[in-house]
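Trainee: Could you walk me through one part of this model in detail? I'd like a close look at the place where the two chains meet.

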Amino acid sequence: MPTTRRQFLNLAGSVTVAGTIPIVTLQPIEATPAMLTAAIRNVVGEAPVHTGRVKLDIPPLVENGNTVPMTVSVASPMTVDDYVKSIHVFNEKNPQPNIGNFYIGPSVGRAQVSTRIRLADTQKVVAIARLSDDTFWQATTEIVVTLAACTEETN
Amino acid sequence: MAALINVPAKARRGDVIEIRTLTSHIMETGFRHTADGALVPRDIITSFKCRYNGTEIFRADLFPAIAANPYLSFFTVAKESGKFEFEWIGDNGYSSSASASITIE
């Protein structure tokens, strides 16, 4: 795909911004996709993860990665026989692959959780739900972050 | 520490109600450095729990990727009048709690 003018300006802009910040100790620490896979395997084990049923709401373009609103909802009747046990959220490029684990049950009535998260880079966020029949369902969203969180130096 | 809890004061039996909580905490990631290169130690809330009349209805494990002043919103079925108790536990022995009452009509 040829580079569009917008992409070029974005790149040029971010290079300029990075150049003006006095970089003291910016280490290349970030969760690699391998860490993401390992973190997901930690939760799901060897079980297959199906795509669907989970809805991950995050703004697709984020100016400030320090606080990004996120809502995860799962299509489930939430009855005693068919409910969501837990929701797990992961990221691809923060220093750590985990974002949060949320444990719910049939008494919550609606399988939906909201919080605010940090994103260190433009990356993928994965939400996985564990249902009462121990099947796993996931949703993935790509988010563009212009100001990164987590690793910037303090003053 | 200061916590903001938003629970409806009244609800009808069987309603699905939203509970929103916000607590003040720095949520220092442990990945940042000061200008002279020293690592700022991690200081985060690691666990949140909500009990409804003594029964746990919601629990969360939090990681450094949760933004400062953790906000959490979730739902529950309004079953009976009573109390919601909230508890935050974190690094360096951090612990704080809050509660809210609900009346079922």
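**Where chain B meets chain A**

Mentor: Sure, and keep in mind that this is a predicted model. Across the interface of chain B and chain A, 14 residue pairs are in polar contact, with both residues at pLDDT 80 or more. On the side of chain B that touches chain A, the elements giving two or more residues are β3 (16-23), β5 (55-62) and β6 (71-77) of chain B. The largest share there comes from β6(B), with 7 residues. Sort the residues on that side of chain B by type and you get 22 nonpolar, 6 polar and 4 charged. As for salt bridges between chain B and chain A, the count is 0.

Now the overall extent. The contact draws 32 residues from chain B and 33 residues from chain A. People often express interface size as the accessible area lost when the parts come together. Here chain B and chain A bury about 2,900 Å² between them, and 54% of that is on carbon and sulfur atoms.

There's strand pairing across the chains, too. Strand β6 (residues 98-103) of chain A pairs with β5(B) in the antiparallel sense, over 4 bridges. To find one spot by eye, go to Asn101(A): its bridge partner in β5(B) is Asp61(B).

While you're looking at chain B, try Ile45(B), which is found in strand β4 (residues 45-52) of that chain. Ile45(B) counts as buried because its relative accessibility is 0%. Beyond its neighbours within four places in sequence, Ile45(B) is in contact with several residues, including Leu62(B), Trp88(B) and Tyr94(B).

How values were computed
Residues numbered from 1 in each chain as written. Chains lettered and ligands numbered in written order. Predicted model: local features only at pLDDT ≥ 70, side-chain atom pairs only at ≥ 80, totals over all residues. Heavy atoms only, no water. Contact = heavy atoms within 4.5 Å. Buried area = accessible area lost by both parts, 1.4 Å probe. Salt bridge = Lys/Arg side-chain N within 4 Å of Asp/Glu carboxyl O. Polar contact = N/O pair within 3.5 Å; in protein donor to acceptor, adjacent residues only side chain to side chain. Nonpolar A, V, L, I, M, F, W, Y, C, P; charged D, E, K, R; others polar. Pairing = 2+ DSSP bridges. Buried < 20%, exposed > 50% of the residue type's maximum accessible area, 1.4 Å probe, protein only.
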